[in-house]
Amino acid sequence: MSLKKIPVKDFDVAVLTSSWHTPVAVFFTAKGCVPCDSVLQTLTELAPEYEERLHIAVVDVEDQEIEPILEHCKVESIPDIKIFHQKQIVAQAKGLLDKQQFERLIEPHVLTEAQHRLSLLQKQVELLLSSEQFDMAMELVEVFRQKHPRDDEVMLVELAILVQMNNIPAALQLIEQLPENLQQDEKSQAVKGMIEAMQNTRQ
């Protein structure tokens, strides 16, 4: 999402509700504020780099009926940036902020590009699995692996598909091929437990 000015009436939906799914950086500014213009330029340059991973909302502190929002967000001076995630302020910074400072501010709360890619893949795969289109889901994973060979976590998505297909031998084989860090991952441990439970049931 590109940087977008948010009217006061849209704050609840555009910031609070939206932050349930994607973090929102709210930039409080005003016309004639020179430091604000500098920060705004930085945010404008950064916005394309965080497409779909972070929303950036601009709020004018001189808008009518803004007081309740300023009180809720504890805005006492500008420029001021608040990072919302799941309706809560999780990070904030006042004054001039350069590119590196902004990135450090949001880094703990925003998915990396690799995590974002994997998240999109998981959503697509879940839709296919819900209609039992297993072959198409596996094809999607294979295309992803070819495009992003270093994204090892895609193996966990493939593992989930194999379990859904009830292909236990292939799932066990894939678990053995997982890098050590992924073998200790909660998802792979859960799958191992599920497979063991299934095997015990059959015995």
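The following dialogue goes through several features of a predicted model.

Visitor: Which helices cross here, and at what angle?

Guide: A helix pair is read from the axes of its two members. In this model the axes of α2 and helix α4 (residues 99–106) come within 10 Å and cross at roughly 65°. Angles of 65 to 115 degrees count as roughly perpendicular, and α2 and α4 are therefore described as roughly perpendicular to each other. The crossing of α2 past α4 is right-handed.

Visitor: Which residues of α2 and α4 meet?

Guide: On the α2 side they are Thr 42, Leu 43 and Leu 46, and on the α4 side Lys 99, Phe 102 and Glu 103. By character, the residues of this contact comprise 3 nonpolar, 1 polar and 2 charged.

Visitor: How should one read a nonpolar core, and which residues touch the most other members in the largest one?

Guide: The general idea is that nonpolar side chains tend to be buried together in soluble globular proteins. Here the largest nonpolar core has 21 residues, and Leu 54, Ile 81 and Phe 102 touch the most other members. Two or more residues each come from β2 (24–29), α2, β3, β4, β5 and α4. The element that gives the most to this core is α2, with 4 residues. Apart from this core lies another, of 18 residues, including Ile 6, Val 59, Val 61 and Ile 66.

Visitor: What is Phe 102 in contact with, leaving aside its neighbours within four places in sequence?

Guide: Phe 102 is in contact with Ala 25, Leu 43, Leu 46, Leu 54, Ile 81 and Leu 97. Phe 102 also takes part in the meeting of α4 with α2.

Visitor: Let us turn to the backbone. Which residues other than glycine have a positive phi?

Guide: Two cases may be examined in turn. Glu 52 has a positive phi of about 70° and is placed in the loop between α2 (34–46) and β3 (55–60). For Gln 86, phi is near 55°, and this residue lies in the loop between β4 and β5 (88–94).

Visitor: Why do Glu 52 and Gln 86 count as partly exposed?

Guide: The class covers relative accessibility from 20% to 50%. Glu 52 counts as partly exposed because its relative accessibility is 46%. Gln 86 is placed in that class because its value is 39%.

Visitor: Where is there a cis peptide bond?

Guide: The bond from Ile 78 to Pro 79 is cis, and its omega is near 0°. Pro 79 belongs to the loop between α3 (67–73) and β4 (80–85).

Methods
Residues numbered from 1 in each chain as written. Predicted model: local features only at pLDDT ≥ 70, side-chain atom pairs only at ≥ 80, totals over all residues. Heavy atoms only, no water. Buried < 20%, exposed > 50% of the residue type's maximum accessible area, 1.4 Å probe, protein only. Axes fitted to C-alpha atoms, helices over the stretch in contact; angles between N-to-C directions. Parallel < 35°, antiparallel > 145°, perpendicular 65-115°, else oblique. Left-handed = near helix turned anticlockwise from the far one by under 90°. Contact = heavy atoms within 4.5 Å. Nonpolar A, V, L, I, M, F, W, Y, C, P; charged D, E, K, R; others polar. Core = buried A, V, L, I, M, F, W, Y, C linked by side-chain atoms within 4.5 Å.
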